[in-house]
Amino acid sequence: MRTALITGGSRGIGAAAVLAFAKAGYRVAFFYLKSEDAAQALAAKTGAIPICCDVSDGESARAGCQEALLQLRHIDVLINNAGIAQQMLFTDITDEQWQHMLQTNLSSAFYVTKAVLPQMISQKDGRIVNVSSIWGQAGASCEVHYSASKAGLIGMTKALSKEVAPSGITVNCICPGVIQTDMLSCYDAQTLAQLKEETPVGRLGTPEDIAGALVFLCGDSAGFITGQIIGINGGFGE
Ligand code: NDP
């Protein structure tokens, strides 16, 4: 049975991914940090294995990966999805806030991928997808630390895909546009309406829009796709 590890699976895009991979027949484990009730409910609904760990912390992320490998025995698919957002003026960002953003959104993918990769290399098969953002491509005003962390994932994807392709592993990156999850709670109604207007398909994205693309990128039909940065944004552009 194919297996998938999804970080940040308790809510939003990650939760939709847990549901989609489980529905596609994968045995799924997912990481979460604070949303204990949501994680347990999702586990009960899907049979997925919830693992509490902090991906921004190397030691905690490695312990989570060890547990996932123990439970799943092997990992075929890794989705680096966990992330946080924050809106503030660049000049107000403290060293701690900068560090926390980079640790959570970028170093997390380093910690988790590094822990999972040796087993993928030894099985000569694996699919890794990093969840970046349109802001990693375009840059967003008042989200400089967020944009920098997401741009980092794009660089990591391009470089790592070349390094591990000979081992039968694909590494891709998706860049969602504006997707209706808790992450949008920092925007007021007027801003959301404006973002919708700026999205050519005329609606905001759903977590399911993203989950479907993730399942596709990890499926048999996508074996020749690697090192790609794929916008899933309803036409919302740079
Ligand atoms: P949500 O805020 O809805 O969910 C974030 C998830 O990440 C939660 O499951 C949360 O777990 C988990 N998480 C956060 N920090 C940690 C941590 N330190 N350790 C472990 N888990 C953690 O966000 P979205 O679903 O909207 O976002 C998912 C990804 O998609 C993010 O990387 C985001 O940047 C990206 N994205 C989102 C867009 C959007 O418009 N929504 C647009 C572009 C990209 P818990 O609640 O248990 O702490």
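# Notebook: helix packing, cores and single residues

I began with helix 4 (residues 95-123) and helix 6 (residues 144-164), whose axes come within 8 Å and cross at roughly 20°. The model I am reading is a predicted one. With the cut-off for roughly parallel set at under 35 degrees, helix 4 and helix 6 are therefore roughly parallel to each other. I noted the handedness of this crossing as right-handed.

I then listed the residues on each side. Helix 4 brings Gln97, Trp98, Met101, Leu102, Asn105, Leu106, Ala109, Phe110, Thr113 and Leu117 to the contact. From helix 6 I wrote down Val144, His145, Tyr146, Ala148, Ser149, Lys150, Gly152, Leu153, Met156, Leu160 and Val164. Sorted by class, the contact of helix 4 with helix 6 has 14 nonpolar residues, six polar and one charged.

**Helix 3 against helix 4**

I stayed with helix 4 and looked at helix 3. The axes of these two come within 8 Å, and the crossing angle is roughly 35°. Helix 3 and helix 4 also cross in the right-handed sense. On the helix 3 side I found Gly58, Ala61, Arg62, Cys65 and Leu69, and on the helix 4 side Tyr111, Val112, Ala115, Val116 and Gln119. Seven residues in the contact of helix 3 with helix 4 are nonpolar, two are polar and one is charged.

**Helix 1 against helix 2**

For helix 1 and helix 2 I noted axes that come within 10 Å and cross at roughly 15°. Helix 1 and helix 2 are therefore roughly parallel to each other. Helix 1 passes helix 2 with a right-handed crossing. Helix 1 makes the contact through Ala15, Val18, Leu19 and Ala22, while helix 2 uses Leu42, Lys45 and Thr46. I counted the classes in the contact of helix 1 with helix 2 as five nonpolar, one polar and one charged.

**Cores**

Next I looked up the nonpolar cores. The largest has 27 residues, and Ile6, Phe21, Phe30, Ile79, Ile174 and Leu214 have the most contacts inside it. Elements that give two or more residues to this core are strand 1 (3-6), helix 1 (12-23), strand 2 (27-32), helix 2 (36-46), strand 4 (77-80), strand 5 (126-131) and helix 8 (207-217). There is also a second, separate core of 24 residues, with Leu5, Phe31, Ala68 and Val112 among them. As background, nonpolar side chains in soluble globular proteins tend to be buried together.

I asked myself which residues isoleucine 79 touches, leaving out those up to four places away in sequence. I found Leu5, Ile6, Thr7, Phe21, Val129, Val131, Leu214 and Cys218.

**Cysteine 218**

That list led me to cysteine 218, in the loop between helix 8 and strand 7 (229-232). Is cysteine 218 buried or exposed? I read a relative accessible area of 1%, so cysteine 218 is buried. Not counting residues up to four places away in sequence, cysteine 218 touches Arg2, Phe21, Tyr26, Val77, Ile79, Arg127 and Val129. I also took the C-alpha separation between cysteine 218 and leucine 33, which is 25 Å, with the two 185 residues apart along the chain.

**Isoleucine 51**

Isoleucine 51 sits in strand 3 (residues 49-52). Its relative accessible area is 6%, so I entered isoleucine 51 as buried. Outside the residues up to four places away in sequence, isoleucine 51 touches Ala29, Phe30, Phe31, Tyr32, Gly64, Glu67 and Ala68. The C-alpha atoms of isoleucine 51 and glycine 8 are separated by 10.0 Å, with their positions 43 residues apart along the chain.

**Positive phi outside glycine**

Last, I checked backbone angles. Arginine 73 has phi near 75°, which is positive in a residue other than glycine. I located arginine 73 in the loop between helix 3 (58-72) and strand 4. At 72% relative accessibility, arginine 73 counts as exposed.

Cysteine 142 gave another entry of this kind: phi is near 65°, again positive and not in glycine. The loop that holds cysteine 142 runs between helix 5 (134-138) and helix 6. How accessible is cysteine 142? The relative accessibility is 29%, so I put cysteine 142 down as partly exposed.

Note on methods. Residues numbered from 1 in each chain as written. Predicted model: local features only at pLDDT ≥ 70, side-chain atom pairs only at ≥ 80, totals over all residues. Heavy atoms only, no water. Core = buried A, V, L, I, M, F, W, Y, C linked by side-chain atoms within 4.5 Å. Buried < 20%, exposed > 50% of the residue type's maximum accessible area, 1.4 Å probe, protein only. Helix = DSSP H or I, 4+ residues; strand = E, 2+ residues; numbered from the N terminus. Contact = heavy atoms within 4.5 Å. Axes fitted to C-alpha atoms, helices over the stretch in contact; angles between N-to-C directions. Parallel < 35°, antiparallel > 145°, perpendicular 65-115°, else oblique. Left-handed = near helix turned anticlockwise from the far one by under 90°. Nonpolar A, V, L, I, M, F, W, Y, C, P; charged D, E, K, R; others polar.
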